[in-house]
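Hi,

Here is the model I said I would pass on. Have a look at it first, and my notes follow underneath.

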Amino acid sequence: MHSWSTTVRVRSLASAAARRLRPEHPGWPAVLGPELDQGRRLRLRPPRAEDAADWAAAVLADRDLLEPWWPSSEQSWAERADEARWRERGWSAARAARNGYLVPLVIEVDGSFGGEMVLDRVDRANGTAELGAWVASAFHGTSVARRSLRLMVRHAFTEVGLRRIVAPVGVGNRAARLVLARNGFHKEGVLREHMHVGGRLLDHELWSLLPGDVDWL
Ligand SMILES: CC(C)(COP(=O)(O)OP(=O)(O)OC[C@H]1O[C@@H](n2cnc3c(N)ncnc32)[C@H](O)[C@@H]1OP(=O)(O)O)[C@@H](O)C(=O)NCCC(=O)NCCS
């Protein structure tokens with residue numbers, strides 16, 4: 001028969017091993033919403049393997065809107081939009097999310113795939129992360145981008161525990177800079193030749209948000 005102290009020791013070793021295997025990172029996994037606006041039901045939730053076909057169809061259809069701002073690649077657009085890419089990306093995203101570096105969410109509008117909203121480069125020690133997003137063109141000109149951004153920002157500043165969010169925006173990306181500016185982000189400056197996107201090295205504006213910049217948290 002084990003002594004009480006042996007039992008406690010075994011339990012604490014087991015929970016340390018479990019923490020190592022499944023470390024806890026506040027704010028992940030997460031489902032944000034649902035919320036209703038103009039009759040549309042919006043929800044942000046973790047990506048699933050079954051999203052592959054909808055993601056691929058949306059990326060193929062929106063090439064002209066996405067390609068100028070997405071990282072340059074040797075692959076054709078059809079290869080980049082292949083369902084297999086979603087699954088490959090899903091595995092590495094799941095690992096990064098489990099390790100606390102990423103909060104990858106799918107935007108769901110009335111149950112349909114509507115885009116992605118992601119906190120990347122999450123630095124929990126410093127309380128910072130980089131926001132990235134795209135919204136399928138079927139939902140442009142609606143409140144989907146603004147509401148998804150606000151859901152993610154609230155989550156970042158509360159559950160995840162961040163204190164600063166940045167968003168680099170390719171110079172010329174009018175839609176992205178407008179959405180950020182209208183939701184409290186401040187332009188800090190221009191990062192020269194920051195990223196290779198759309199087949200060219202492009203300057204990026206750096207936009208940032210602190211909790212005190214907004215009154216809707
Ligand atoms: C950035 C993005 C999420 C914004 O979503 P959205 O639904 O277009 O947002 P809105 O409809 O509120 O549009 C914001 C403004 O940009 C304008 N706009 C939208 N698409 C545009 C385009 N392709 N070119 C120029 N202006 C555009 C809209 O007219 C609106 O301005 P207005 O209110 O003065 O009319 C979306 O455009 C997108 O996914 N773009 C491609 C990917 C991307 O650039 N991601 C961001 C990288 S940081």
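Let me start with the ligand. Which element gives the largest share of the shell around the ligand? That is α7, with five residues. Helix α7 covers residues 174-181, and three other elements also supply at least two shell residues each: α3 (63-66), β5 (128-135) and β6 (164-170). There are 18 residues around the ligand, and the ones that come nearest are Trp134, His140, Ala145, Ala175 and Ala176. By class, the shell is made up of 13 nonpolar residues, four polar ones and one charged one. Bear in mind while you look that this is a predicted model.

Now the sheet, since β5 and β6 both belong to it. It is an open sheet of eight strands with mixed pairing, and the order runs β1-β2-β3-β4-β5-β6-β8-β7. Note that β8 comes between β6 and β7 in that order. Why do β1 and β7 each have one side without a neighbour in the sheet? Both stand at the edges: β1 (32-37) and β7 (186-197) each have a single partner strand, so one side of each is left free of a sheet neighbour. From one strand to the next, the twist averages 25°.

At the β1 end, the partner is β2 (residues 40-45), and the two strands pair in the antiparallel sense over four bridges. If you want a spot to zoom in on there, Leu36 stands opposite Arg41 in β2.

Back to α7, the helix with five residues in the ligand shell. It lies across β6 and β8 (200-209), and it runs at about 155° to β6. So that you can place it in the wider picture, β6 is itself one of the elements with at least two residues in the shell.

As for the whole chain, it has seven helices and eight strands. The C-alpha trace spans about 70 × 40 × 40 Å along its principal axes. Of the 217 residues, 28% count as buried. Among contacts with a separation of 6 or more, 60% are between residues 24 or more positions apart.

One item from the records: an unreviewed UniProt entry carries the annotation "domain: N-acetyltransferase" for residues 42-213. In the model, that span is 34% helix and 35% strand, and its end C-alpha atoms lie 24 Å apart.

That's the lot from me.

Cheers

Notes: Residues numbered from 1 in each chain as written. Predicted model: local features only at pLDDT ≥ 70, side-chain atom pairs only at ≥ 80, totals over all residues. Buried ≥ 20, exposed ≤ 12 C-beta atoms within 10 Å, placed from the backbone. Contact = placed C-beta atoms within 7 Å. Near = placed C-beta within 6 Å. Nonpolar A, V, L, I, M, F, W, Y, C, P; charged D, E, K, R; others polar. Pairing = 2+ DSSP bridges. Axes fitted to C-alpha atoms, helices over the stretch in contact; angles between N-to-C directions. UniProt positions renumbered as here; feature names shortened; annotations may be inferred.
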